Amino acid sequence: MKNLRSITLLFCAALLLNCISEKSKTKLKTGNTDLVASPSDTLTKHLKPLRPELPTIGLLMFNGVLQGEVVATSDVFGKPDKNMEQLFNVITIAETEKSITTEEGMRFIPDYTFENCPKLTALFVPSGYDMYAQVHNKKMVEFIKRKNQETEYIVSNCAGAQLIGKSGIADGHKIVTYIGGGKQLQKDYPDLKVQDDSLVTFVEDGKFSSSNGNLTSYISALNLLEKMTSAEHRKFIESYLYIDRLQNWKK
């Protein structure tokens, strides 16, 4: 009998300790994902919850996306100001909650889907080497059209211009695409004012801006950052990212 009581007490003690341990963990909701981490987990302090009072920057993603064009925008808008204060919400969006695989082979899990995406201040439309599936994805094209009605800015990088053309939202506006892709873009979407991509790296026309993509995606992101903040903050971010060192680099 005494042995039975001892076993019961030990079991209850173990159960209590487990409950205390679970309660000590931190739960943070970001997008569709509930993240649980212990107080000692350094990940917790880097997570940025969606703050409704801040402008929200949406990064469109799909299988085969060029990950550098997603990373460039998140690099620029995800950094804090000089006082280490968060200035923007930066979220990723895909058609479903399933992870997407980039052209380079990395797997990203989107924060939101086309159905539950919050209101956006700006939408960035990236590229992939094969845009056929994206241009013929009615849900994606309709999502871009819908978000155009609420956003203040729409940005395309590289062949993301094809999605802009398909949506028709920038008809009559200047746009640039990847180097060598302008003639086909103009043929496919004659209502766009396609710029000479051999000469033009970045162009802005009203709420729409576009770039050649890849590393020039930093240019489109930095240009919009300056419009939404200040030239001083842009310089701070360029310094934060060491872009000035890239520009002045010598072997």
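**A mixed sheet and the residues around it**

Student: In which order do the seven strands of the open sheet lie?
Tutor: The pairing in this open sheet of seven strands is mixed, and the model is a predicted one, in which local features need pLDDT of at least 70, side-chain atom pairs count only at pLDDT 80 or more, and totals for chains, interfaces and linings use all residues. Residues are numbered from 1 along each chain as its sequence is written, and side-chain values use heavy atoms, with hydrogens and water left out. Strands (E, at least two residues) and helices (H or I, at least four) are DSSP runs numbered from the N terminus. The order of the sheet is S7-S4-S3-S8-S9-S13-S12.

Student: Which strands are the edge strands?
Tutor: Two strands pair if DSSP finds at least two bridges between them. An edge strand here pairs on one side only, and this holds for strand S7 (112-113) and strand S12 (202-205).

Student: Which residue in S4 is the bridge partner of Leu59?
Tutor: Strand S3 (residues 56-60) and strand S4 (residues 89-94) run parallel and are joined by five bridges. In S4, Leu59 has as its bridge partner Thr92.

Student: At what angle does helix H3 run to S3?
Tutor: Helix H3 (residues 67-77) packs on the sheet, where it touches S3, S4, strand S8 (122-125) and strand S9 (153-157), a contact being heavy atoms within 4.5 Å. Axes are lines fitted to C-alpha atoms, for helices over the stretch in contact, and angles run from 0 to 180 degrees between N-to-C directions. On that scale the direction of H3 makes with that of S3 an angle of about 170 degrees.

Student: Which residue of S13 stands opposite Ser156, and which is the bridge partner of Val203?
Tutor: S9 and S13 run parallel with four bridges, whereas S12 and S13 run antiparallel, also with four bridges. S12 and S13 form a hairpin with two residues between them, and Gly206 in the turn has a positive phi of about 65 degrees. Ser156 stands opposite Ser210, and the bridge partner of Val203 is likewise Ser210.

Student: Which residues of S13 are buried on its two faces?
Tutor: In a regular strand the side chains alternate between the two faces of the sheet. Buried means under 20% relative accessible area, with exposed over 50% and partly exposed in between (1.4 Å probe, protein chains only). Both faces of S13 are covered, with Phe208 and Ser210 buried on one side and, on the other, Ser209 and Ser211.

Student: Why does Asn212 count as buried, and which backbone oxygens does its side chain reach?
Tutor: Asn212 lies in the loop between S13 and H8, and it counts as buried because its relative accessibility is 9%. Its contacts, not counting residues up to four places away in sequence, include Cys158, Tyr178 and Asp197. A polar contact is a pair of N or O atoms within 3.5 Å; within protein, one must be able to donate a hydrogen and the other to accept it, and residues adjacent in sequence count only if both atoms are side-chain atoms. The side chain of Asn212 has a polar atom 2.8 Å from the backbone oxygen of Thr177, and at 3.2 Å it reaches the backbone oxygen of Val200.

Student: How is the packing of helix H5 on helix H6 described?
Tutor: Helix H5 (residues 138-148) and helix H6 (residues 160-167) pack with their axes 9 Å apart, at an angle of about 75 degrees. Angles under 35 degrees count as roughly parallel, over 145 as roughly antiparallel, 65 to 115 as roughly perpendicular and the rest as oblique, so H5 and H6 are roughly perpendicular.
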